[in-house]
Amino acid sequence: MTPTEAGTPVPLSEMGSRLRAHRLARGWTLKAVAEASGLAISTVSKVERGQMSPTYDKLLQLSRGLGIDISELFGSEPAEGVPLRSAVTRRDQAHRVTTPNYDYGYLAATLAGKSMVPAVAWVRARSLKEFGPLLRHAGEEFLFVLSGRVEVHLDDREPVLLGQGESIYFDAAQGHAFLSVGDGDAEILVVLSGDDR
């Protein structure tokens, strides 16, 4: 499955509009959202205006700060007739978010209140310099390589090279970065869970 087969990207303007609607519904300023989420006012403003594609950690911070489920930033409504605790994601229905280092296809995005956030991702970054600062967020993370090779960088160990069918599970509070090694983008399944809910 390629990024284009994984679903239509959620336009940044739509995600920004949803963020703004949640903010205004609470009567909050940009500063209040920034303080509640631990992000810079400029970051919140750029996301609202559709000028920035937030990484998972920033999406998580925004949703927690607003007291909403991360799926509400995608604007998903549960499908009618589907039991409350199940969600099917067809090949072309993943909710896409593009960031500088990854293209994410969020799976089961219509299901609110999940204790796990599963996604397919395409790893584009090839070096730590290109990647930028390591990511950190609450919870635990599981990565499984679907295709290609991925070099995993963690704060507490030497880089780990993973090939197709190999995986790693780690505490996501430690700094981490995934780099594609070899030709083309690596495709991974990533599951994030165990935050402080």
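Hi everyone, let me begin with a definition: contact here means heavy atoms within 4.5 Å. Please also keep in mind that this is a predicted model.

With that cut-off in hand, take glutamate 166. Which residues does glutamate 166 touch, not counting residues up to four places away in sequence? The answer is Leu143, Phe144, Val145 and Leu161. Glutamate 166 itself sits in the loop between strand 6 and strand 7, the latter being residues 167-171. Its relative accessibility is 38%, so glutamate 166 counts as partly exposed. For one of those partners we also have a backbone distance: the C-alpha atoms of glutamate 166 and leucine 143 are 8.4 Å apart in space, with their positions 23 residues apart in sequence.

Now to the salt bridges. How many salt bridges does the count come to? Seven. I'll walk you through some of them.

Let's start with aspartate 103 and arginine 124, whose closest N and O atoms are 2.6 Å apart. Aspartate 103 belongs to strand 2, residues 102-106, while arginine 124 is in the loop between strand 3 (116-123) and helix 5 (128-131), so this salt bridge ties together parts that are 21 residues apart in sequence. The two partners fall into separate accessibility classes: aspartate 103 counts as buried at 9% relative accessibility, and arginine 124 counts as partly exposed at 22%.

That loop between strand 3 and helix 5 comes up again with arginine 126. Arginine 126 forms a salt bridge with aspartate 185, and here the closest N and O atoms are 3.8 Å apart. Because arginine 126 is in the loop between strand 3 and helix 5, and aspartate 185 is in the loop between strand 8 (176-181) and strand 9 (186-193), the pair links parts that are 59 residues apart in sequence. Arginine 126 is partly exposed, at 37% relative accessibility, and aspartate 185 is partly exposed at 37% too.

Then we have aspartate 155 with arginine 136, at 2.7 Å between the closest N and O atoms. Aspartate 155 lies in the loop between strand 5 (149-154) and strand 6 (157-162), and arginine 136 in the loop between helix 5 and strand 4 (140-147), so parts 19 residues apart in sequence are tied together. Aspartate 155 has a relative accessible area of 43%, which makes it partly exposed, and arginine 136, at 43%, is also partly exposed. There is a network as well: Arg20, Arg23 and Glu48 are joined by salt bridges that share partners.

Next, helix 4. Is helix 4 largely enclosed or largely open to the outside? Eight of its eleven residues, within the run 56-66, are buried, so helix 4 is largely enclosed by the rest of the structure. Those buried residues are Tyr56, Asp57, Leu59, Leu60, Leu62, Ser63, Gly65 and Leu66. Arginine 64 also lies in helix 4, but it counts as partly exposed, at 32% relative accessibility. From arginine 64 to serine 37 is 6.6 Å, C-alpha to C-alpha, although the two are 27 residues apart in sequence. Right after helix 4 comes glycine 67, which has a positive phi, near 70°.

Finally, the empty spaces. The structure holds three cavities of 30 Å³ or more, and the largest cavity has a volume of about 80 Å³. Its lining is made up of Tyr56, Tyr102, Tyr104, Ala121, Leu135, His137, Glu141, His176, Phe178, Ile188, Val190 and Leu192. Strand 2, strand 8 and strand 9 are the elements that give two or more residues to that lining, and strand 9 provides the largest share, three residues. By class, the lining of the largest cavity divides into nine nonpolar, two polar and one charged. You may recognise Tyr56 in that lining from the buried residues of helix 4.

As for pockets, the second largest one has a volume of about 190 Å³. Around it are Met52, Ser53, Pro54, Thr55, Lys58, Pro100, Asn101, Phe131, Pro133, Leu134 and Leu135. Seven of these lining residues are nonpolar, three polar and one charged. Leu135 is listed in this pocket's lining and also in the lining of the largest cavity.

Thanks for listening, and I'm happy to go back to any of these places in the model.

Conventions. Residues are numbered from 1 along each chain as its sequence is written. This is a predicted model: local features need pLDDT of at least 70, side-chain atom pairs count only at pLDDT 80 or more; totals for chains, interfaces and linings use all residues. Side-chain values use heavy atoms; hydrogens and water are left out. A salt bridge is a side-chain nitrogen of Lys or Arg within 4 Å of a carboxyl oxygen of Asp or Glu. Helices (H or I, at least four residues) and strands (E, at least two) are DSSP runs, numbered from the N terminus. Buried means under 20% relative accessible area, exposed over 50%, partly exposed in between (1.4 Å probe, protein chains only). On a 1 Å grid over the protein atoms alone, a cavity is a set of points where a 1.4 Å probe fits but cannot get out, and a pocket is an open set with protein on both sides within 12 Å along at least five of seven lines; lining residues have an atom within 4 Å of a point. Grid points are joined across faces, edges and corners, and a volume is the space filled by probe spheres set on the points. Ala, Val, Leu, Ile, Met, Phe, Trp, Tyr, Cys and Pro count as nonpolar, Asp, Glu, Lys and Arg as charged, and the others, Gly among them, as polar.
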